[in-house]
Amino acid sequence: MTTTVYARVESPLGELLLVGEVPEGAAVDGGGSVRLVSLSVPGQKGGAVVGDGWLHAPEAFAGVAGQLEAYFAGRATRFDVPLAEGVGTEFQRRVWAALESIPYGSTVSYGEVAARVGASGAGVRAVGTAIGRNPLLVVRPCHRVIGADGALRGYAGGLERKKLLLGIEAGAGRAEA
């Protein structure tokens with residue numbers, strides 16, 4: 001059995017909701033026992049909502065919050081965050097792993113992601129759906145996936161936030177929406 005914990009963290013994207021699991025018997029503190037389940041933004045399609053029985057535990061997310069702060073300030077290019085296991089289908093996990101391999105500051109098309117997971121052709125739509133169900137915005141960089149024509153497409157947190165994240169990674173700090 002696990003305990004579900006959450007915290008809210010201010011960011012350039014708005015107030016982020018961090019949700020994690022702490023294994024039974026582990027301390028709910030900043031000692032690294034929390035496994036991140038979700039990172040969502042206000043108004044996000046399919047974003048997490050605080051549930052009954054969840055424990056407000058900002059101290060459990062101190063490490064994640066520090067990494068997010070460094071990322072938004074342009075001082076960090078990757079995250080080293082323990083993630084919850086068993087989230088998503090096998091196909092979604094393959095797609096999400098492909099997202100994690102996209103280098104900071106780079107973009108790829110949905111078709112390229114589909115090819116990486118062996119789902120090219122008609123599988124591009126399934127890849128887009130899996131990307132849209134990514135529960136770890138920012139940490140798992142789905143914002144780095146764009147249309148084949150270079151246009152910004154489909155971001156659960158909104159296209160203005162996708163543009164802002166890509167601007168941060170391009171060294172622009174804050175991209176204008």
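This tour moves through the strands, then a helix, then the nonpolar cores and a group of aromatic rings. The model is predicted, and residues are numbered from 1 along the chain.

**Stop 1: the strands**

Begin by selecting strand S1, residues 2-9, together with strand S2, residues 16-23. The two strands run antiparallel and are joined by eight bridges. Look for Val9, which stands opposite Leu16 in S2. S1 and S2 make a hairpin, with six residues between them. Select Gly14 in that turn; its phi is positive, at about 110 degrees.

Next, add strand S3, residues 35-40. S3 pairs with S2, again in the antiparallel sense, over five bridges. Here Val19 is found opposite Ser38 of S3. Is S3 mostly covered or mostly open? Five of the six residues in this strand are buried, so S3 is mostly covered.

Return to S1 and add strand S4, which consists of residues 55-56. These two strands pair in the parallel sense, over two bridges. One position to display is Tyr6, whose bridge partner in S4 is His56.

**Stop 2: helix H1**

Now select helix H1, residues 62-72. Which residues of H1 are buried? They are Val64, Leu68, Ala70, Tyr71 and Phe72. The elements against which these buried residues pack are S2, S3 and helix H5, residues 159-169. Just after the helix, select Gly74, which has a positive phi of about 80 degrees.

**Stop 3: the nonpolar cores**

In soluble globular proteins, nonpolar side chains tend to be buried together. In this model, the largest nonpolar core has 44 residues. Select Leu39, Leu68, Phe72, Ile131 and Val138, the members that touch the most others in this core. At least two residues of the core come from each of S1, S2, S3, H1, H2, H3, H4 and H5.

Centre the view on Leu68. With neighbours within four places in sequence left aside, Leu68 is in contact with Leu16, Leu18, Leu39, Phe79 and Val138. Another core, of five residues, lies apart from the largest one, and its members include Leu17, Val19, Val37 and Ala84.

**Stop 4: the aromatic rings**

Finally, display the aromatic side chains, among which there are four aromatic pairs. Start with Tyr71 and Phe72, whose ring centres are 5.4 Å apart. Why is this pair edge-to-face? The planes of the two rings stand at 70 degrees, and an angle over 60 counts as edge-to-face.

Both residues are buried, because buried means under 20% relative accessible area: Tyr71 is at 0% and Phe72 is at 12%.

Keep Tyr71 selected and add Tyr104. The centres of these rings are 6.2 Å apart and their planes are at 90 degrees, so this pair is also edge-to-face. Where in the chain do Tyr71 and Tyr104 lie? Tyr71 is in H1, while Tyr104 is in the loop between H2 and strand S5, so the pair links distant parts of the chain, 33 residues apart. Tyr104 has a relative accessible area of 23% and is therefore partly exposed.

To finish, select Tyr71, Phe72, Phe79 and Tyr104 together, which ring pairs link into a cluster.

Methods
Heavy atoms only, no water. Buried < 20%, exposed > 50% of the residue type's maximum accessible area, 1.4 Å probe, protein only. Helix = DSSP H or I, 4+ residues; strand = E, 2+ residues; numbered from the N terminus. Pairing = 2+ DSSP bridges. Contact = heavy atoms within 4.5 Å. Core = buried A, V, L, I, M, F, W, Y, C linked by side-chain atoms within 4.5 Å. Phe/Tyr/Trp six-rings, centres within 6.5 Å; stacked < 30°, edge-to-face > 60°.
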